Amino acid sequence: LLRRLGDLSLDVPKAAEYAVEVLAHLVEDKTLPEAFLDSVVALAGPDAGPRIVEGVRGQLKLPLQVTVLKAQAKSVFAEYFVAGDLDEALRRLEELHAGRAGHVVVKALIVSAAERKSRECEMASVLLSAMTKVYGSEHLFEGFIRLLRSVDDLALDTPAMASILTNFIARAIVDDVLPPCFFSLVPGKLVTTGRGKEIQCGVRALLELQGSSRIMNVWGSGAKQTMEELRESVRMLVDEYFVSGDVGEAVGCVRELGAPHYGHHIIKSLIYKAVESGEEQVRKSIVLVKALLAGDVLDHLQLTTGMMRAVQALPDLSLDVPDAAKRLRMVADLLAFEQLASPAFESAVQIRARQAARGPRLDAGNVEEKAREVVEEFLLSDSSREVSDMLQELAAPEEVLAQLALHVLLAAMDKTERERAALAGLLSSLCVRGALEASSVEAGAEVLLRRLGD
């Protein structure tokens, strides 16, 4: 970029100013080392180079946006560790409007807790689970990736950082904050040597040898709060409801739990039990969901998250309940009928349920349907990682993936401007993640252009 700055300035007169802003951000975020500035004059030339260096160094003396965000987040965490008010912490985090910088807040939470004691680490794990209501899975994933990248630097101030991060990752997987396949999504160079490898091995050992109940106590019995009790309370609540059918009592029990951030697990447990028990219990589960939403005990985000997690685990549930996919589709249909979920959500659940019932595959016969599934699921969840995981499991040949890219592009033509931009970003992200080859997207784009007249 710096070598081309002269030519670029002909089309973008303020290119040098924009380069200052970009470089200042990258250096502040430690994506580029500060020593990189020493080469700027040689790269950009004697005219623009010194001005860029001076501009970047000047901006680094000022509090950049990411620096301000870190300071604000640390203030929230410091108060939370003292007062223990989870709802207040979540409210203040929402007011930060971190946007795409949510990963900065996630990383700051872990670093702040690591500098304290086990009690604060337990509190941080609970807050991290609740933060799924504020930040998307992409922010949480990116936050942990950045922790792995900087673990050696963090260990200078906190020597036990590797073992602390091991515990946080294992706990996050058990709490459904991170996917069980987290390390398969991490760039290999981060976990093949040194502390990264130590962390990966440690997390796998915890998950394989300790079990989820032990991992819930990973910070020690003294630091443990109520997460394990919450899971048991939810199980007992759901079992009792299906026996008694007392909606008011069940709603009161959920409210008494005082854990609105855990609503997704309540929904997932309720749906699981209903699917296991039969169609009558499916209808009873909808009655309770409707009452929980009407009473503002849970919100629609928790309903959506809980349902999608139930759908994601459908292949395992189908081993014990052959009709699980059919019953889950019935749940989605009833939710839409009661206007508790949008038709788009119902469609996404229906598609995922059919896929799980058939088993994963992608070929020329179902590629158009699969593309619709990709589009609907992405626009619903805004998670390119989930779409990437799904496509990589299918292991389809490149010519079929080219057809898939084409149908995603065709679908984008009927969407709003924001959705078109999002779907274009999805294809780019899938290439970066290795789920699609750039040549597949190119082939799809070529066919799209040929059909443009029609």
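**A guided look at the predicted model**

Colleague: Glad to look at this with you! Which residue forms a salt bridge with R235, the closest N and O atoms being 3.0 Å apart?

Modeller: Welcome! This is a predicted model, and in it R235 has a salt bridge whose closest N and O atoms are 3.0 Å apart. The two residues share helix α14, four residues apart, about one turn of the helix. The partner of R235 is D239.

Colleague: Which residues do salt bridges that share partners join into one network with R235?

Modeller: R235 pairs with D239, and salt bridges that share partners extend this into one network. Besides R235, the network holds E232, D239 and K273.

Colleague: And how far apart, N to O, are the side chains of R235 and E232 in their salt bridge?

Modeller: Both residues lie in helix α14, which covers residues 227–244, and they are three residues apart, about one turn of the helix. Side chains of opposite charge can pair when their charged atoms come close. For R235 and E232, the N to O distance is 2.5 Å.

Colleague: Is D239 buried or partly exposed?

Modeller: Buried would require under 20% relative accessible area. D239 has a relative accessible area of 25%, so this residue counts as partly exposed.

Colleague: What about R235 and E232: are they buried or partly exposed?

Modeller: R235 has 42% relative accessibility, and E232 has a relative accessible area of 35%. Values between 20% and 50% fall in the middle class, so R235 is partly exposed and E232 is also partly exposed.

Colleague: Let's move to another helix. Which residue forms a salt bridge with R91?

Modeller: Look in helix α6, residues 86–95, where R91 and its partner sit four residues apart, about one turn of the helix. R91 is partly exposed at 36% relative accessibility, and its partner is partly exposed at 46%. The closest N and O atoms are 2.3 Å apart, and the partner is E95.

Colleague: How many salt bridges does the structure hold?

Modeller: The pair R91 and E95 is one of them, and R235 with D239 is another. The structure holds a total of 15.

Colleague: How many disulfides does the count come to?

Modeller: A disulfide is a covalent bond between the sulfur atoms of two cysteines. C181 is partly exposed at 31%, and C253 is partly exposed at 22%. The count of disulfides comes to zero.

Colleague: Now for the inside! Which helix gives the most to the largest nonpolar core?

Modeller: In soluble globular proteins, nonpolar side chains tend to be buried together. Here the largest nonpolar core has 65 residues, and those with the most contacts inside it include F77, L127 and F182. Ten residues of this core come from one helix, residues 161–174, and that helix is α11.

Colleague: How many residues does the second, separate core have?

Modeller: This core stands apart from the largest one, and I266, V275, L298 and V331 are among its members. Its residue count is 38.

Colleague: Is H264 buried or exposed?

Modeller: H264 has its place in helix α16, residues 263–277. Leaving aside residues up to four places away in sequence, H264 touches Q302, T305, G306 and R309. Its relative accessibility is 3%, so H264 counts as buried.

Colleague: One more: what distance does helix α24 reach from its first C-alpha to its last?

Modeller: Helix α24 runs over residues 398–412 and has 15 residues. Its buried residues include V400, L404 and H407. The distance is close to what is expected at 1.5 Å a residue, and it comes to 21 Å.

Notes
Residues are numbered from 1 along each chain as its sequence is written. This is a predicted model: local features need pLDDT of at least 70, side-chain atom pairs count only at pLDDT 80 or more; totals for chains, interfaces and linings use all residues. Side-chain values use heavy atoms; hydrogens and water are left out. The expected span of a helix is 1.5 Å times one less than its number of residues. Buried means under 20% relative accessible area, exposed over 50%, partly exposed in between (1.4 Å probe, protein chains only). A salt bridge is a side-chain nitrogen of Lys or Arg within 4 Å of a carboxyl oxygen of Asp or Glu. Contact means heavy atoms within 4.5 Å. A disulfide is a pair of cysteine sulfur atoms within 2.5 Å. A nonpolar core is a set of buried Ala, Val, Leu, Ile, Met, Phe, Trp, Tyr and Cys residues joined through side-chain atoms within 4.5 Å.
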